[in-house]
Amino acid sequence: MADPRRDDVVSTLKGLTDPKTGRDPVSLGWVAGVSVQDGRVTVALEVPADLGPQLEPLRDEAERRILALDGVKAATVVLTAQRQAGEPAAAPAAPAAPNRPPQGGGRPPSIAPPGVRHIIAVASGKGGVGKSTTAANLALALAGRGLRVGVFDADIYGPSMPRMLGLAGRRPEVEGDRIQPLENHGLRIMSIGFMVNEEDPVVWRGPMVMGALEQLLRDVDWGELDVMVVDMPPGTGDTQLTMSQRVSLAGAVIVSTPQDIALLDARKGLAMFRHVNVPVMGIVENMSYYVCPNCGHREEVFAHGGARRAAEELGCPFLGDVPLDIRIRETSDAGTPIVAAEPDSPHAAAYRSIAERIAEQLEVADAASAPKPNIRFT
Ligand SMILES: Nc1ncnc2c1ncn2[C@@H]1O[C@H](COP(=O)(O)OP(=O)(O)OP(=O)(O)O)[C@@H](O)[C@H]1O
């Protein structure tokens, strides 16, 4: 069946009424984006921040009416808050400070997909340090420990999980109003990359990105998961900060390369999570050293050990290091990361050891939140 026309979607939106002004969302200038692809329609409405909760019925109605259009298989309408003139993108992250006490209070209600026990964010202060590669291999290593693991690719500007986990070009099924995650290598996976073509740049602005991520987290039928690994967008901007505040995170894992500059960025990442009261589970040093496949000689390409020192200084655990190795890149590029492709390799063992440290921390969190036995003396 042919895709619905964008104009039909806009006309449908014109038929809705904002209860406060009696006007429609189009004439109010709220339509920030309409995307139509393979029968899937996504609309972003930028509405006054204070009206968000009141406009939920309008959002619902918009989805219902768009879904009723010919050729529409799924409709997602996202409400995002209009930014006021002069309003900063986000609260500034606190400067890096060792042992900074957690900042409490002031957090908006967080999103916690039902059935998901722990959500951990894999983050980096800058792009290209191997965050996604680490996230994919850690997810596989956690699944190898018998845990039910999901991967949520929140790297909306450069989603790499579809390719890295062997699902490029696939589209998720929609059952009722729930999006079904795709499955491969024993993981349940969702990525904005399943909704857009890999080669199309996603040019959404910050608030729209957050709206789309929130909706994806809520509308995906994750089922029961022990752990959801979130591949965060790189850096410490608006989206990352909001995501860290809005999603109920058990903790964050920071990936860094050993170079000083990357570590400086990693420090910013760490400070950001502490600022929003998310525990930092530790730092991973990626591309830490190089072992010559011919002679076994180990070369410290960059100043190896920087992440361990930074972790000590910043008072957070050092989770382990991963070497620079062409097989790590090749296996990810081929859609079966090294933990699945070469489980007996030392590199897979390095990821498993990091996953073990993470799993230990999750077990501690579980034990702390378990209901205490009710012992009665008679
Ligand atoms: N330990 C490693 N050894 C060799 N290549 C690696 C290693 N880690 C990552 N790479 C390669 O480096 C490139 C960047 O990795 P990746 O996409 O995971 O980084 P990223 O931090 O998620 O980047 P971005 O945030 O910009 O998407 C990829 O080609 C990946 O295969």
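These are my notebook entries on a predicted model of one protein chain with a ligand.

**Overall make-up**

I started with the secondary structure and counted 11 helices and 15 strands in the protein chain. The chain has 378 residues, and I find that 44% of them count as buried. I then looked up how far apart in sequence the contacting residues are. Taking contacts between residues at least 6 apart, 77% join residues at least 24 apart.

**Domains**

I checked the domain assignment next. Domain 1 covers 6–81 and domain 2 covers 116–369. I noted the separation of their C-alpha centres as 33 Å.

**Hairpin of strands 1 and 2**

I looked at strand 1 (residues 31–37) and strand 2 (residues 40–47), which run antiparallel and are joined by six bridges. Within this pairing I traced Ser35 to its bridge partner, Thr42 in strand 2. Two residues lie between the strands of the hairpin, and I recorded a positive phi near 50 degrees for Asp38.

**The eight-stranded sheet**

I followed the strand order of the open sheet and wrote it down as 8-9-5-10-4-11-12-15, with mixed pairing. At the edges I find strand 8 (182–184) and strand 15 (318–322), each of which pairs on one side only. From one strand to the next, the twist averages 25 degrees.

I then went to the edge pairing with strand 15. Strand 12 (residues 280–286) runs parallel to strand 15, and four bridges join the two. Here I located Glu285 opposite Asp321 of strand 15.

**Helices on the sheet**

I asked which strands helix 3 touches as it packs on the sheet. My list reads strand 4 (116–123), strand 5 (149–153), strand 9 (187–191), strand 10 (225–231), strand 11 (251–256), strand 12 and strand 15. The direction of helix 3 makes about 170 degrees with that of strand 10.

I did the same for helix 8 (residues 306–314), which also packs on the sheet and touches strand 11, strand 12 and strand 15. For its direction against that of strand 12, I noted about 160 degrees.

**Ligand shell**

Last, I looked up the surroundings of the ligand. I count 20 residues around the ligand, and the closest are Gly127, Gly130, Ser132, Thr133 and Arg329. Which helices supply at least two residues each to this shell? I find helix 3 (131–144) and helix 9 (326–333). Helix 3 is thus on my list twice, as a helix packed on the sheet and as a supplier of shell residues. Sorted by class, the shell holds six nonpolar, 10 polar and four charged residues.

Methods
Residues are numbered from 1 along each chain as its sequence is written. This is a predicted model: local features need pLDDT of at least 70, side-chain atom pairs count only at pLDDT 80 or more; totals for chains, interfaces and linings use all residues. A residue is near a molecule or strand if its C-beta atom, placed from the backbone, lies within 6 Å of it. Ala, Val, Leu, Ile, Met, Phe, Trp, Tyr, Cys and Pro count as nonpolar, Asp, Glu, Lys and Arg as charged, and the others, Gly among them, as polar. Two strands pair if DSSP finds at least two bridges between them. Axes are lines fitted to C-alpha atoms, for helices over the stretch in contact, and angles run from 0 to 180 degrees between N-to-C directions. Two residues are in contact if their C-beta atoms, placed from the backbone, lie within 7 Å. Domain bounds come from an automatic or database domain assignment. A residue is buried if 20 or more other C-beta atoms lie within 10 Å of its own, exposed if 12 or fewer, and partly exposed in between; C-beta atoms are placed from the backbone.
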